[in-house]
Amino acid sequence: MSGTGIRELPSSIGMLEGLTLLNLRDCKELLSIPTSLSGVKSLKVLNLSGCSKLEKLPEELGHAESLERLDMSGTAIREPPSFQPFSFEKS
């Protein structure tokens, strides 16, 4: 979905049990991430780089079981979710 004009993800994304990578790079209109994303048990990589309008992530995302990498570079996010069990990038 990278580079698309999507503004928000549907909450039903939390039902994609086999999703391991979500690449939203350069989705410059993306405003929010649903809390249901934290329910995707197999999600390992979340790329939000270049989502310049994205200011906040749901706190629940910090408790995602499998998340290993979160790229927030080029976003308006000032703080990642707390208690994250993964590495993150922010420049």
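**Asp-26, its salt bridges and the buried surroundings**

Asp-26 is partly exposed, with a relative accessible area of 28%. The structure discussed here is a predicted model, and Asp-26 makes a convenient place to begin reading it. In this model Asp-26 sits in the loop between E1 and E2. The backbone of Asp-26 deserves a look as well: its phi is positive, at about 60 degrees, although the residue is not a glycine. For context, most residues other than glycine have a negative phi.

The side chain of Asp-26 takes part in charge pairing. Side chains of opposite charge can pair when their charged atoms come close. Which side chain meets that of Asp-26 at 3.2 Å, N to O? The partner is Arg-25, and the two side chains form a salt bridge. Asp-26 also meets the side chain of Lys-28 in a salt bridge, here with an N to O distance of 3.7 Å. Taken together, Arg-25, Asp-26 and Lys-28 are linked in a network of salt bridges. Arg-25 counts as partly exposed at 37% relative accessibility, and Lys-28 is likewise partly exposed, with a relative accessible area of 44%.

How many salt bridges does the model hold? The count comes to three. One of them joins Lys-53 to Glu-29, with the closest N and O atoms 3.0 Å apart. Lys-53 lies in the loop between E2 and E3, while Glu-29 lies in the loop between E1 and E2, so this pair ties together parts that are 24 residues apart in sequence. Both ends of the bridge are partly exposed: Lys-53 has a relative accessibility of 40%, and Glu-29 has one of 30%.

Moving on to polar residues that are buried, Ser-49 is found in the loop between strand E2 (45–47) and strand E3 (69–71). Is Ser-49 buried or exposed? Its relative accessible area is 10%, and because the limit for buried is under 20%, Ser-49 is classed as buried. With neighbours within four places in sequence set aside, Ser-49 contacts Leu-24, Arg-25, Asp-26, Asp-71 and Ser-73. Two members of the salt-bridge network, Arg-25 and Asp-26, are thus among the residues that Ser-49 touches.

Asn-47 belongs to strand E2 and counts as buried at 15% relative accessibility. Not counting residues up to four places away in sequence, Asn-47 touches Leu-22, Asn-23, Leu-24, Arg-25 and Asp-71. Leu-24, Arg-25 and Asp-71 appear in the contact lists of both Ser-49 and Asn-47.

The cysteines come next. A disulfide is a covalent bond between the sulfur atoms of two cysteines. How many disulfides does a search of the whole structure find? The search finds zero. Cys-27 is in no disulfide, and its nearest cysteine sulfur, that of Cys-51, is 5.1 Å away. Why is there no bond between Cys-51 and Cys-27? The sulfur of Cys-51 has its closest cysteine sulfur in Cys-27, but the 5.1 Å between them is too far for a bond, because a disulfide calls for sulfur atoms within 2.5 Å.

Both cysteines are buried in the model: Cys-27 has a relative accessibility of 0%, and Cys-51 has a relative accessible area of 0%. Cys-27 is located in the loop between strand E1 (21–23) and E2. Beyond residues up to four places away in sequence, Cys-27 touches Met-1, Ser-2, Gly-3, Thr-4, Ile-6, Gly-50 and Cys-51. By contrast, the C-alpha atoms of Cys-27 and Glu-65, which are 38 residues apart along the chain, are separated by 25 Å.

Finally, there is the nonpolar interior. In soluble globular proteins, nonpolar side chains tend to be buried together. The largest nonpolar core in this model has 22 residues. Which residues have the most contacts inside this core? They are Leu-22, Leu-24, Ile-33, Leu-37, Leu-46, Leu-48 and Leu-57. Ile-33 can serve as an example: leaving aside neighbours within four places in sequence, Ile-33 is in contact with Leu-9, Leu-24, Leu-48, Leu-54, Leu-57 and Pro-58. Leu-24 links this picture back to the polar residues, as Leu-24 is also touched by Ser-49 and by Asn-47.

Key
Residues numbered from 1 in each chain as written. Predicted model: local features only at pLDDT ≥ 70, side-chain atom pairs only at ≥ 80, totals over all residues. Heavy atoms only, no water. Helix = DSSP H or I, 4+ residues; strand = E, 2+ residues; numbered from the N terminus. Buried < 20%, exposed > 50% of the residue type's maximum accessible area, 1.4 Å probe, protein only. Contact = heavy atoms within 4.5 Å. Core = buried A, V, L, I, M, F, W, Y, C linked by side-chain atoms within 4.5 Å. Salt bridge = Lys/Arg side-chain N within 4 Å of Asp/Glu carboxyl O.
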